[in-house]
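Here is a short tour for someone meeting this structure for the first time. Have a look at the model, then read on.

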Amino acid sequence: MSRSFSLARRFAFLVMPLALAAGFLPGQAARAMQGDLLRTAQADVGGFSQSQLEAYANAVLKVQQIDQTWSPKIQQAPSKAEAETLTAQATDEMVGGIEEEGLSVQEYNAITQAAQQDDQLYERIMTLLAQAK
């Protein structure tokens, strides 16, 4: 098992939203800006408030940045034990980034799971990610 696979398993709950951000395509941005989403921009989407979704989008970007910083270090670690230590440090930093945005890890994960099942919520998050970049 490669270290990068172990890394993803170790904090998959945090990395899953990176797939949301990585899946962002220009066509999706255009669709995200259309009518229905603009009308619901200030309304609760998927049972989450606008402020929760904004905090989530900011947290996703923080987690993504932390992942980009730590992944090369973890992959280049000289031993499995060192990789695990670095992974734990990266995970702690990601949790801190989420909590700095006013979300618990449980709330963050709940939004991630909901976005995987609700296209409107997914598109709203993509819009917020595009605006936050």
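What follows covers a pair of packed helices, a small group of charged residues and one residue in helix H6.

Keep in mind that this is a predicted model, where local features need pLDDT of at least 70 and side-chain atom pairs count only at pLDDT 80 or more, while totals for chains, interfaces and linings use all residues. Residues are numbered from 1 along each chain as its sequence is written, and side-chain values use heavy atoms, with hydrogens and water left out.

**The helix pair**

Let's start with H5 (residues 50-75) and H8 (residues 119-132), which pack at an angle of about 60° with their axes 9 Å apart. That makes H5 oblique to H8 (angles under 35 degrees count as roughly parallel, over 145 as roughly antiparallel, 65 to 115 as roughly perpendicular and the rest as oblique). The crossing of the two, H5 and H8, is right-handed; that word applies if the near helix is turned clockwise from the far one by less than a right angle.

Which residues meet here? On the H5 side they include Leu53, Tyr56, Val60 and Leu61, and on the H8 side Leu121, Ile125 and Leu128 are among them (contact means heavy atoms within 4.5 Å). Sorted by kind, the residues of the contact of H5 with H8 come to ten nonpolar, two polar and two charged.

**The charged group**

There are two salt bridges by the rule used here, namely a side-chain nitrogen of Lys or Arg within 4 Å of a carboxyl oxygen of Asp or Glu.

| Salt bridge | Closest N and O atoms |
|---|---|
| Lys62 with Glu100 | 2.9 Å |
| Lys62 with Glu101 | 2.8 Å |

Lys62 lies in H5 and Glu100 in H6 (residues 80-100), so their bridge ties together parts 38 residues apart in sequence. Glu101 sits in the loop between H6 and H7 (105-117), so its pairing with Lys62 ties together parts 39 residues apart in sequence. Since the salt bridges share partners, Lys62, Glu100 and Glu101 join into one network.

How open are these residues? Buried means under 20% relative accessible area, exposed over 50%, and partly exposed in between (1.4 Å probe, protein chains only). Lys62 is partly exposed at 26%, Glu101 is partly exposed at 22%, and Glu100 is exposed at 62%.

**A residue in H6**

Met94 belongs to helix H6 and counts as buried, with 0% relative accessibility. Its C-alpha atom is 9.3 Å from that of Val60, and the two residues are 34 apart along the chain.

Conventions
Axes are lines fitted to C-alpha atoms, for helices over the stretch in contact, and angles run from 0 to 180 degrees between N-to-C directions. Helices (H or I, at least four residues) and strands (E, at least two) are DSSP runs, numbered from the N terminus. Ala, Val, Leu, Ile, Met, Phe, Trp, Tyr, Cys and Pro count as nonpolar, Asp, Glu, Lys and Arg as charged, and the others, Gly among them, as polar.
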